[in-house]
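Here is a short round of questions on one protein model. Keep the coordinates open while reading.

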Amino acid sequence: MSIERVRAHLAQFGAEGRIREFDQSSATVELAAAAVGTEPARIAKTLSFMVGETPTLVVLAGDARVNNQAFKATFHTKAKMLSAEQAAELVGHAVGGVCPFGVNDGVEVWLDESLRRFETVWPAAGSSNSAIELTLDELERFSGARGWVDVGRGWRDGE
């Protein structure tokens with residue numbers, strides 16, 4: 001099960017006990033925000049793409065959408081999201097629980113600038129009813145992120 005894989009991954013940082021599991025679904029930004037009791041923007045949603053031959057995760061704030069032009073400028077390819085089946089197979093987590101922890105070898109993780117507004121954020125933890133609150137530093141370290149990108153839109157004033 002994916003949440004067990006995430007728990008094992010987070011154990012190397014001593015954070016496995018911080019995973020919260022809910023009786024209700026947290027599979028969407030809105031459901032996750034309700035489950036943890038925070039604003040939807042603070043949910044760190046993980047979107048999965050194929051960049052060339054590399055499965056690539058981009059973690060964005062819950063209120064951000066992908067800016068296709070910025071994505072193409074950053075990754076030199078069109079933003080093509082993985083299907084639910086591809087995400088499960090290539091990333092190692094099912095849609096609704098996709099997160100940047102405990103992923104398959106060869107998956108790249110990037111963090112979006114839209115997250116930097118917050119001291120802590122809530123990414124999923126491998127299942128459709130789990131999450132963990134992390135500082136941005138923890139998110140970066142625990143995910144093994146390659147770096148920060150600016151491919152989100154709709155979260156800045158005036159966008």
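Q: When do two aromatic rings count as a pair, and how many such pairs does the structure hold?
A: Rings of Phe, Tyr and Trp, the last by its six-membered ring, pair if their centres lie within 6.5 Å. The model examined here is predicted. By that rule, the number of aromatic pairs in the structure is four.

Q: What is the geometry of the aromatic pair formed by Phe75 and Trp110?
A: A pair of aromatic rings is described by the distance of the centres and the angle of the planes. For Phe75 and Trp110, the centres are 5.8 Å apart and the planes meet at 75°. Planes over 60 degrees apart count as edge-to-face. The pair Phe75 and Trp110 is therefore edge-to-face.

Q: How many residues apart in sequence are the parts that the pair of Phe75 and Trp110 ties together?
A: Phe75 belongs to helix α3, residues 68-75. Trp110 belongs to strand β5. The pair therefore ties together parts whose separation in sequence is 35 residues.

Q: Are Phe75 and Trp110 buried or exposed?
A: The cut-off for buried is under 20% relative accessible area. Phe75 has 11% relative accessibility. Trp110 has 16%. Phe75 and Trp110 therefore both count as buried.

Q: Which residues form one aromatic cluster with Phe75 and Trp110?
A: Phe75 and Trp110 pair with each other. They also belong to one aromatic cluster. The other members of that cluster are Phe49 and Phe71.

Q: Why do the buried residues of helix α5 line one face?
A: Helix α5 spans residues 136-143, and its buried residues are Leu136, Glu138, Leu139, Phe142 and Ser143. Seen down the helix axis, these residues fall within a limited arc, so they line one face of α5. That arc is 160°.

Q: Which strands are included in what covers the buried residues of α5?
A: The cover includes a helix, α1 (2-11). It also includes strands. Among them are β3 (54-61), β5 (108-112), β6 (120-123), β8 (134-135) and β9 (147-149).

Q: Is Glu140 of helix α5 buried, partly exposed or exposed?
A: Glu140 lies in helix α5. Its relative accessibility is 30%. Buried requires under 20% and exposed over 50%. Glu140 therefore counts as partly exposed.

Q: With which side chain does the side chain of Glu140 make a polar contact?
A: Leaving aside neighbours within four places in sequence, Glu140 is in contact with Leu111, Ala145 and Trp148. The polar contact is at 3.3 Å. The partner is the side chain of Trp148.

Q: Which residue lies over the face of Trp148?
A: The face of Trp148 has a charge over it, at 3.9 Å from the ring centre. The residue is Arg116.

Q: With which side chains does the side chain of Ser127 make a polar contact?
A: Ser127 lies in the loop between β6 and β7. At 8% relative accessibility, Ser127 counts as buried. One polar contact is at 3.0 Å, to the side chain of Asn129. Another is at 2.9 Å, to the side chain of Ser130.

Q: What radius of gyration does the protein have, against the value for a compact globule?
A: With 159 residues, a compact globule would have a radius of gyration near 15 Å. The value for the protein agrees with that. It is 14 Å.

Definitions and conventions: Residues numbered from 1 in each chain as written. Predicted model: local features only at pLDDT ≥ 70, side-chain atom pairs only at ≥ 80, totals over all residues. Heavy atoms only, no water. Buried < 20%, exposed > 50% of the residue type's maximum accessible area, 1.4 Å probe, protein only. Helix = DSSP H or I, 4+ residues; strand = E, 2+ residues; numbered from the N terminus. Arc of directions from axis to C-beta. Contact = heavy atoms within 4.5 Å. Polar contact = N/O pair within 3.5 Å; in protein donor to acceptor, adjacent residues only side chain to side chain. Phe/Tyr/Trp six-rings, centres within 6.5 Å; stacked < 30°, edge-to-face > 60°. Lys NZ or Arg CZ within 6 Å of the ring centre and 35° of its normal. Rg over C-alpha atoms; globule rule 2.2 N^0.38 Å.
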